[in-house]
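The following account introduces a protein structure to a reader who has not met it before. It begins with the chain as a whole and then turns to the packing of helices.

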Amino acid sequence: MAEENQTEQVTELTLVGLTDNPRLQVPLFVLFLFIYFITLAGNLGMVALIRSSSQLQSPMYFFLSNLSLLDACYSSVVAPRTFMNLLMEKKTISLAGCATQLFFFIAFGTAECFLLTAMAYDRYMAICNPLLYPAVMSHRVCILLVASSYVLGLLHSSVHTDFTFSLPFCRPAEVDHFYCDSCPDTHVNRCLIFSLAGLVEMVTILAVLVSYAFILSAVSKIRSAKGRRKAFSTCTSHLAGVTIFHGSMLALNFRPRPSDTLSTDKTFAVFYSLVMPMLNPLIYSFRNMEVKNALKEFLTWK
């Protein structure tokens with residue numbers, strides 16, 4: 001009878017949140033609201049700039065505009081619920097709402113993995129096969145690569161979400177996080193995360209590494225130092241973005257599990273769900289003269 005009561009049907013879950021300290025909740029709300037505002041302004045501004053500028057119509061910027069759109073969506077899945085939990089005393093979410101949040105969170109994150117891989121392939125073609133680049137990376141191919149990233153993200157998310165919410169939820173129905181994460185049996189879901197997320201990480205990281213191995217080989221054959229710097233300068237922003245994205249994912253899912261794992265998980269989760277989407281527009285525009293020139297033209301246009 002006790003076991004039946006523990007596994008009775010659950011209709012809503014409680015999100016424990018980041019902290020139960022009232023003194024920290026308002027400052028965190030203000031901080032995260034500021035980060036979210038910068039994230040939306042930076043990413044949606046990047047999308048608008050790329051779509052409106054004639055200077056930014058190459059495949060690289062087509063991928064970048066989709067990456068910015070993904071980051072805006074990715075952050076928007078988490079941020080509103082986080083704001084509510086920091087201000088509201090009752091921190092519950094319906095089971096359907098939790099499933100929806102988890103589905104889109106994983107879908108956008110996985111899509112970004114594959115989109116970053118497509119961007120690495122784009123840089124490989126541009127540097128290693130410049131004569132074939134316009135023909136191979138046609139607009140149709142770019143659309144196909146972006147669409148494939150979304151489809152693979154949706155497939156991965158569908159499997160993970162369906163598996164998670166087909167399992168019984170034990171009382172108390174709490175998720176010790178600030179967004180919906182896997183709640184049922186920890187061991188089973190840990191195995192699922194390792195198998196599916198591990199496969200996605202392994203395939204995408206391997207593809208990026210292979211692309212950059214060919215890029216480094218091609219760049220090393222350029223005789224002039226200026227030519228080498230110019231060729232590799234188009235890759236530095238993408239390489240930084242890939243390192244931050246996959247580094248945070250690997251640190252969260254595949255590090256040793258210490259005793260303070262929950263607080264550490266939340267710290268990493270804040271970084272890759274709220275902070276990282278804010279950083280990407282800065283990473284891809286900080287040393288990019290084409291983006292800077294397009295922005296100047298956009299601001300001075302009358």
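Accessible areas are obtained by the Shrake-Rupley method with a 1.4 Å probe. Computed in this way for the predicted model, the accessible surface of the protein chain is about 15,900 Å². Carbon and sulfur atoms account for 68% of that surface. Of the 302 residues in the protein chain, 45% are buried.

The protein chain contains 10 helices and three strands. Along the sequence these elements follow the order α-β-α-α-β-α-α-α-β-α-α-α-α. Contacts between residues at least 6 apart in sequence join residues at least 24 apart in 80% of cases.

Helix α2, which spans residues 22-52, offers a view of how helices pack in this model. Its axis and that of helix α3 (residues 59-87) come within 9 Å and cross at roughly 160°. Angles over 145 degrees count as roughly antiparallel, and α2 is therefore roughly antiparallel to α3. The crossing of α2 with α3 is left-handed. Sorted by class, the residues in this contact comprise 18 nonpolar, eight polar and two charged ones.

Helix α2 also packs against helix α10, formed by residues 289-300. Here the axes lie 10 Å apart, and the angle is about 85°. Because angles of 65 to 115 degrees count as roughly perpendicular, α2 and α10 are described as roughly perpendicular to each other. On the α2 side, M46, L49 and S52 take part in the contact, meeting V291, A294, L295 and F298 of α10. The contact of α2 with α10 has six nonpolar residues, one polar residue and no charged residues.

Key. Residues numbered from 1 in each chain as written. Predicted model: local features only at pLDDT ≥ 70, side-chain atom pairs only at ≥ 80, totals over all residues. Heavy atoms only, no water. Axes fitted to C-alpha atoms, helices over the stretch in contact; angles between N-to-C directions. Helix = DSSP H or I, 4+ residues; strand = E, 2+ residues; numbered from the N terminus. Parallel < 35°, antiparallel > 145°, perpendicular 65-115°, else oblique. Left-handed = near helix turned anticlockwise from the far one by under 90°. Nonpolar A, V, L, I, M, F, W, Y, C, P; charged D, E, K, R; others polar. Buried < 20%, exposed > 50% of the residue type's maximum accessible area, 1.4 Å probe, protein only. Contact = heavy atoms within 4.5 Å.
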